[in-house]
Protein chains: 2
Amino acid sequence: MLNVPRKVRQPAKHPALKKLGSRVRQLRQARGVSQEALADLTGIGRSYMSGIERGVRNCSVLHVLKLAKALSVQPGDLLSN
Amino acid sequence: MLNVPRKVRQPAKHPALKKLGSRVRQLRQARGVSQEALADLTGIGRSYMSGIERGVRNCSVLHVLKLAKALSVQPGDLLSN
């Protein structure tokens, strides 16, 4: 078989998405919650959640609101510049 | 020709999306900017912008950041519960 490189979803990381991702990770870890648990809690898929934390997913408003609620912060705390 | 009803994108309006939409509209009008001008300013499509203001679009984090910048508010001002 040919060794065809697998197509990997790896968009350019937008600085704002990286910041959102690190903030989510930081708040989640501060609460002692695993990434999988946060995914299940918010109803966000586990691999999608991983993409959010890595800053490669431009997630939606409703995702942000779910994350903020689960992490007990204001939505703006996840997005502020 | 048959009179086939046009498929209209009209998802259930989520309260949080309605709130975001009204806030964007309110801030835009307070600045005397047309919907088309705000769309062009942010690079968001005009019909998509209309959907955001009507609360039928679950737009992305990057859209929210562009809107906040164009309207000179903090992203959280558009999303706060």
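Which residue takes a positive phi just after H1(B)? Keep that one in mind while you look around; the reply comes in point 4.

1. Before anything else, remember that this is a predicted model. Chain A has a mean pLDDT of 91, and 84% of its residues reach 70 or more. For the model as a whole, the scores are ipTM 0.84 and pTM 0.85. A word of caution for the rest of the chain: where pLDDT is low, the predicted coordinates should not be read in detail.

2. Let's start with helix H1 of chain B, which runs over residues 15–30. Here's a check you can do yourself: at 1.5 Å a residue, its 16 residues should span 22 Å, and the end C-alpha atoms are indeed 22 Å apart, so the two values agree.

3. Now, which residues of H1(B) are buried? They are Leu17(B), Leu20(B), Gly21(B), Val24(B) and Arg28(B). If you look down the axis of H1(B), these buried residues fall within an arc of 95 degrees, so they line one face of the helix. Swing round to the face turned away from that buried side and you'll find the exposed residues Pro15(B), Gln26(B), Gln29(B) and Ala30(B).

4. Back to the opening puzzle: the residue is Gly32(B), and its positive phi is about 65 degrees. Find the end of H1(B) in the viewer, and Gly32(B) comes just after it.

5. What covers the buried residues of H1(B)? From chain B itself, the cover includes helices H2 (35–42), H3 (46–54), H4 (61–70) and H5 (75–79). The partner joins in too, as helix H4 (61–70) of chain A is also part of the cover.

6. That brings us to the contact between the chains, which takes 16 residues from chain A and 16 residues from chain B. On the chain A side, the elements giving two or more residues are H1 (15–30), H4 and H5 (75–79). H4(A) gives the most, with 4 residues. By type, the chain A side divides into 10 nonpolar residues, 6 polar ones and no charged ones.

7. How are the two chains related? A rotation of 180 degrees, with 0.0 Å of shift along its axis, superposes chain A on chain B with an RMSD of 0.0 Å. That is the relation of a two-fold axis. In chain A, the C-alpha nearest the axis belongs to Gly76(A), at 1.7 Å from it.

8. One last thing to try in the viewer: compare the two sides of the contact. 100% of the interface residues of chain A are also interface residues in chain B, so the copies meet through the same surface.

Note on methods
Residues numbered from 1 in each chain as written. Chains lettered and ligands numbered in written order. Predicted model: local features only at pLDDT ≥ 70, side-chain atom pairs only at ≥ 80, totals over all residues. Expected span 1.5 Å × (residues − 1). Buried ≥ 20, exposed ≤ 12 C-beta atoms within 10 Å, placed from the backbone. Arc of directions from axis to C-beta. Contact = placed C-beta atoms within 7 Å. Nonpolar A, V, L, I, M, F, W, Y, C, P; charged D, E, K, R; others polar. Least-squares fit on C-alpha atoms with pLDDT ≥ 70 in both. pLDDT = per-residue confidence, 0-100.
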